[in-house]
Amino acid sequence: MSWITTIPFAQATGKLRLLYARIAGPGNNVDNIMMAHSLRPHTMEGHMALYKNVLHHSGNTLPKWFLEVLGVWVSHLNGCEYCENHHFAGMKRLLKDDTRADAIRAAIAASDTEAIPLDQAQRAALRYADKLSRAPQDMIEADVQALRDAGFEDGEILEINQVVSYFAYANRTVLGLGCSTKGDIIGLSPGNSDDPNDWGHR
(Lines give C-alpha, C1' and ligand atoms only; values in the text may rest on other atoms or scores of the structure.)
Protein backbone atom coordinates (compact mmCIF):
# COMPACT_ATOMS: atom_id res chain seq x y z
CA MET A 1 0.00 0.00 0.00
CA SER A 2 3.03 2.29 0.45
CA TRP A 3 6.83 2.09 0.39
CA ILE A 4 7.12 2.24 4.17
CA THR A 5 5.78 -0.11 6.83
CA THR A 6 2.15 0.43 7.80
CA ILE A 7 0.07 -1.02 10.58
CA PRO A 8 -3.33 -2.41 9.52
CA PHE A 9 -6.48 -1.77 11.51
CA ALA A 10 -6.53 -5.28 12.99
CA GLN A 11 -3.04 -4.86 14.49
CA ALA A 12 -3.42 -1.28 15.69
CA THR A 13 -3.33 -0.50 19.41
CA GLY A 14 -3.46 2.55 21.64
CA LYS A 15 -3.79 5.97 20.02
CA LEU A 16 -3.47 4.54 16.52
CA ARG A 17 -6.42 2.24 17.12
CA LEU A 18 -8.51 5.16 18.41
CA LEU A 19 -7.64 7.28 15.38
CA TYR A 20 -8.36 4.45 12.97
CA ALA A 21 -11.77 3.98 14.60
CA ARG A 22 -12.52 7.68 14.06
CA ILE A 23 -11.67 7.70 10.36
CA ALA A 24 -12.61 4.19 9.27
CA GLY A 25 -15.11 3.57 6.52
CA PRO A 26 -17.20 0.43 5.89
CA GLY A 27 -15.61 -2.75 7.20
CA ASN A 28 -13.01 -0.74 9.12
CA ASN A 29 -11.43 0.34 5.84
CA VAL A 30 -8.77 3.03 6.29
CA ASP A 31 -7.53 4.90 3.22
CA ASN A 32 -3.89 4.21 2.43
CA ILE A 33 -3.01 7.90 2.63
CA MET A 34 -4.00 7.78 6.31
CA MET A 35 -2.50 4.37 6.96
CA ALA A 36 0.82 5.78 5.72
CA HIS A 37 0.91 7.79 8.96
CA SER A 38 0.54 4.72 11.17
CA LEU A 39 4.09 4.75 12.54
CA ARG A 40 3.53 8.34 13.75
CA PRO A 41 -0.14 8.62 14.70
CA HIS A 42 0.25 12.27 15.73
CA THR A 43 0.89 13.18 12.08
CA MET A 44 -2.28 11.33 11.07
CA GLU A 45 -4.19 13.35 13.63
CA GLY A 46 -2.79 16.58 12.22
CA HIS A 47 -3.51 15.51 8.65
CA MET A 48 -7.12 14.62 9.38
CA ALA A 49 -7.76 17.83 11.32
CA LEU A 50 -6.41 19.87 8.40
CA TYR A 51 -8.32 17.86 5.79
CA LYS A 52 -11.59 18.02 7.68
CA ASN A 53 -11.41 21.75 8.35
CA VAL A 54 -10.24 22.74 4.87
CA LEU A 55 -12.67 20.64 2.81
CA HIS A 56 -15.45 19.46 5.09
CA HIS A 57 -16.42 22.22 7.50
CA SER A 58 -19.75 24.02 7.80
CA GLY A 59 -17.89 27.33 8.13
CA ASN A 60 -16.94 27.18 4.44
CA THR A 61 -19.25 29.05 2.08
CA LEU A 62 -18.05 27.75 -1.29
CA PRO A 63 -19.86 24.58 -2.41
CA LYS A 64 -18.14 21.43 -1.21
CA TRP A 65 -18.32 19.91 -4.69
CA PHE A 66 -16.37 22.87 -6.08
CA LEU A 67 -13.70 22.58 -3.38
CA GLU A 68 -13.36 18.97 -4.53
CA VAL A 69 -13.01 20.15 -8.16
CA LEU A 70 -10.11 22.33 -7.00
CA GLY A 71 -8.61 19.27 -5.29
CA VAL A 72 -8.89 17.18 -8.45
CA TRP A 73 -7.33 19.98 -10.50
CA VAL A 74 -4.41 20.50 -8.14
CA SER A 75 -3.84 16.75 -7.88
CA HIS A 76 -3.78 16.57 -11.69
CA LEU A 77 -1.24 19.41 -11.83
CA ASN A 78 0.92 17.58 -9.28
CA GLY A 79 0.64 14.24 -11.07
CA CYS A 80 -1.08 12.56 -8.12
CA GLU A 81 -3.47 9.97 -9.55
CA TYR A 82 -4.31 8.68 -6.08
CA CYS A 83 -5.85 11.97 -4.91
CA GLU A 84 -7.23 12.75 -8.35
CA ASN A 85 -9.18 9.47 -8.41
CA HIS A 86 -10.36 9.67 -4.80
CA HIS A 87 -11.52 13.26 -5.00
CA PHE A 88 -13.11 12.96 -8.42
CA ALA A 89 -15.30 10.19 -7.02
CA GLY A 90 -16.18 12.40 -4.05
CA MET A 91 -16.88 15.39 -6.30
CA LYS A 92 -19.09 13.31 -8.58
CA ARG A 93 -21.12 12.08 -5.65
CA LEU A 94 -21.58 15.60 -4.28
CA LEU A 95 -22.37 17.21 -7.65
CA LYS A 96 -25.16 14.72 -8.41
CA ASP A 97 -24.74 15.31 -12.15
CA ASP A 98 -22.70 12.51 -13.68
CA THR A 99 -22.61 14.02 -17.18
CA ARG A 100 -21.24 17.33 -15.91
CA ALA A 101 -18.83 15.58 -13.54
CA ASP A 102 -17.43 13.48 -16.38
CA ALA A 103 -17.05 16.60 -18.55
CA ILE A 104 -15.14 18.30 -15.71
CA ARG A 105 -12.86 15.27 -15.41
CA ALA A 106 -12.24 15.14 -19.17
CA ALA A 107 -11.32 18.84 -19.30
CA ILE A 108 -9.00 18.46 -16.31
CA ALA A 109 -7.33 15.47 -17.97
CA ALA A 110 -6.75 17.68 -21.02
CA SER A 111 -5.50 20.53 -18.80
CA ASP A 112 -8.08 22.73 -20.54
CA THR A 113 -9.59 25.03 -17.92
CA GLU A 114 -11.63 26.91 -20.52
CA ALA A 115 -13.46 23.71 -21.48
CA ILE A 116 -14.46 22.91 -17.91
CA PRO A 117 -18.22 23.37 -17.46
CA LEU A 118 -17.88 25.92 -14.68
CA ASP A 119 -18.72 29.60 -14.45
CA GLN A 120 -16.17 32.34 -15.06
CA ALA A 121 -15.49 32.90 -11.36
CA GLN A 122 -14.80 29.21 -10.81
CA ARG A 123 -12.46 29.14 -13.80
CA ALA A 124 -10.62 32.11 -12.27
CA ALA A 125 -10.15 30.02 -9.12
CA LEU A 126 -8.65 27.23 -11.20
CA ARG A 127 -6.22 29.67 -12.82
CA TYR A 128 -5.17 30.86 -9.36
CA ALA A 129 -4.71 27.23 -8.28
CA ASP A 130 -2.66 26.53 -11.39
CA LYS A 131 -0.21 29.37 -10.75
CA LEU A 132 0.05 28.67 -7.01
CA SER A 133 0.76 25.00 -7.75
CA ARG A 134 3.24 25.49 -10.58
CA ALA A 135 5.01 28.71 -9.63
CA PRO A 136 4.25 29.70 -6.03
CA GLN A 137 7.26 32.02 -5.97
CA ASP A 138 5.66 34.11 -8.72
CA MET A 139 2.42 34.87 -6.88
CA ILE A 140 1.62 38.58 -6.60
CA GLU A 141 -1.18 40.60 -5.04
CA ALA A 142 -2.82 40.94 -8.44
CA ASP A 143 -3.52 37.20 -8.38
CA VAL A 144 -5.73 37.69 -5.34
CA GLN A 145 -7.28 40.81 -6.83
CA ALA A 146 -8.24 38.78 -9.90
CA LEU A 147 -10.28 36.52 -7.63
CA ARG A 148 -11.98 39.55 -6.07
CA ASP A 149 -12.72 40.88 -9.54
CA ALA A 150 -14.26 37.51 -10.40
CA GLY A 151 -16.68 37.93 -7.47
CA PHE A 152 -15.04 36.08 -4.58
CA GLU A 153 -15.01 37.58 -1.10
CA ASP A 154 -11.76 37.44 0.85
CA GLY A 155 -12.97 34.59 3.07
CA GLU A 156 -13.75 32.56 -0.05
CA ILE A 157 -10.31 33.40 -1.44
CA LEU A 158 -8.87 31.98 1.77
CA GLU A 159 -10.91 28.79 1.24
CA ILE A 160 -9.52 28.46 -2.29
CA ASN A 161 -5.98 29.07 -1.07
CA GLN A 162 -6.28 26.50 1.70
CA VAL A 163 -7.61 23.79 -0.62
CA VAL A 164 -4.71 24.36 -3.03
CA SER A 165 -2.25 24.34 -0.13
CA TYR A 166 -3.75 21.23 1.47
CA PHE A 167 -3.49 19.27 -1.76
CA ALA A 168 0.16 20.29 -2.19
CA TYR A 169 0.71 18.55 1.17
CA ALA A 170 -1.54 15.55 0.50
CA ASN A 171 -0.16 14.94 -2.99
CA ARG A 172 3.41 14.96 -1.72
CA THR A 173 2.51 12.63 1.13
CA VAL A 174 1.13 10.14 -1.40
CA LEU A 175 3.82 10.55 -4.05
CA GLY A 176 6.72 10.63 -1.59
CA LEU A 177 5.62 7.46 0.21
CA GLY A 178 4.29 5.51 -2.77
CA CYS A 179 0.67 5.18 -1.64
CA SER A 180 -1.55 3.18 -3.96
CA THR A 181 -5.32 2.82 -4.06
CA LYS A 182 -5.06 -0.96 -3.55
CA GLY A 183 -7.59 -1.88 -0.87
CA ASP A 184 -9.09 1.60 -0.69
CA ILE A 185 -12.78 2.32 -1.13
CA ILE A 186 -12.57 5.17 -3.64
CA GLY A 187 -14.40 8.40 -2.92
CA LEU A 188 -15.31 8.14 0.75
CA SER A 189 -15.05 11.35 2.76
CA PRO A 190 -16.16 12.80 6.10
CA GLY A 191 -19.86 13.32 5.55
CA ASN A 192 -20.75 15.34 8.63
CA SER A 193 -19.65 18.92 7.98
CA ASP A 194 -21.45 20.21 11.08
CA ASP A 195 -19.17 18.41 13.53
CA PRO A 196 -15.45 19.09 12.97
CA ASN A 197 -14.62 16.18 15.29
CA ASP A 198 -16.57 13.64 13.25
CA TRP A 199 -13.98 12.14 10.91
CA GLY A 200 -16.01 9.09 9.91
CA HIS A 201 -15.71 8.25 6.18
CA ARG A 202 -18.97 7.50 4.40
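Let's start with Arg 105, which counts as partly exposed because its relative accessibility is 21%, while buried would mean under 20%. Keep in mind that this is a predicted model. From Arg 105 we'll move on to the other charged pairs, then to rings, helix packing and one residue in a loop.

**Around Arg 105**

- Arg 105 has a salt-bridge partner in Glu 84, with N and O 3.6 Å apart.
- That pair ties together distant parts of the chain: Glu 84 belongs to helix α5 (residues 81–95) and Arg 105 to helix α6 (residues 98–109), with their positions 21 residues apart.
- Glu 84 counts as buried, as its relative accessibility is just 8%.
- Arg 105 also has a ring to deal with: its charged end sits over Phe 88, 4.7 Å from the ring's centre.

**Other salt bridges**

- The structure holds 7 salt bridges, and here are two more of them besides the one above.
- In general, side chains of opposite charge can pair when their charged atoms come close.
- Lys 92 and Asp 102 make a salt bridge, and their closest N and O atoms are 2.9 Å apart.
- This one also links distant parts of the chain, from Lys 92 in helix α5 to Asp 102 in helix α6, 10 residues apart.
- Asp 102 is partly exposed, with a relative accessible area of 36%, and Lys 92 is partly exposed too, at 23% relative accessibility.
- Arg 127 and Glu 114 meet through their side chains in a salt bridge, at 3.2 Å from N to O.
- Here the link runs between helix α7 (residues 120–134), home of Arg 127, and the loop between α6 and α7, where you'll find Glu 114; the two are 13 residues apart.
- Arg 127 is partly exposed at a relative accessible area of 40%, and Glu 114 counts as partly exposed at 45% relative accessibility.

**Rings**

- There are 5 aromatic pairs in the structure.
- One of them joins Tyr 166 and Phe 167, which meet edge-to-face with 5.1 Å from centre to centre and 80° between their planes.
- Both Tyr 166 and Phe 167 are buried.
- Ring pairs also bring Tyr 51, Tyr 166, Phe 167 and Tyr 169 together as a cluster.
- Elsewhere, look for Arg 22 lying over the face of Trp 199, at 3.6 Å from the ring centre.

**How α5 meets α9**

- Helix α5 packs against helix α9 (residues 154–177) at an angle of about 120°, and the axes are 8 Å apart.
- The two helices are therefore oblique to each other.
- On the α5 side, the contact is made by Tyr 82, Cys 83 and His 87.
- On the α9 side, it is made by Phe 167, Ala 170, Asn 171 and Val 174.
- Phe 167 may ring a bell: it is the partner of Tyr 166 in the edge-to-face pair.

**A buried loop residue**

- Val 30 is in the loop between α1 (14–23) and α2 (32–35).
- Val 30 counts as buried, since its relative accessibility is 4%.
- If you set aside neighbours within four places in sequence, Val 30 is in contact with Phe 9, Tyr 20, Ile 23, Ala 24, Met 35 and Asp 184.
- Val 30 and Ile 185 are 155 residues apart along the chain, yet their C-alpha atoms are separated by 8.5 Å.

Methods: Residues numbered from 1 in each chain as written. Predicted model: local features only at pLDDT ≥ 70, side-chain atom pairs only at ≥ 80, totals over all residues. Heavy atoms only, no water. Phe/Tyr/Trp six-rings, centres within 6.5 Å; stacked < 30°, edge-to-face > 60°. Buried < 20%, exposed > 50% of the residue type's maximum accessible area, 1.4 Å probe, protein only. Lys NZ or Arg CZ within 6 Å of the ring centre and 35° of its normal. Salt bridge = Lys/Arg side-chain N within 4 Å of Asp/Glu carboxyl O. Helix = DSSP H or I, 4+ residues; strand = E, 2+ residues; numbered from the N terminus. Axes fitted to C-alpha atoms, helices over the stretch in contact; angles between N-to-C directions. Parallel < 35°, antiparallel > 145°, perpendicular 65-115°, else oblique. Contact = heavy atoms within 4.5 Å.
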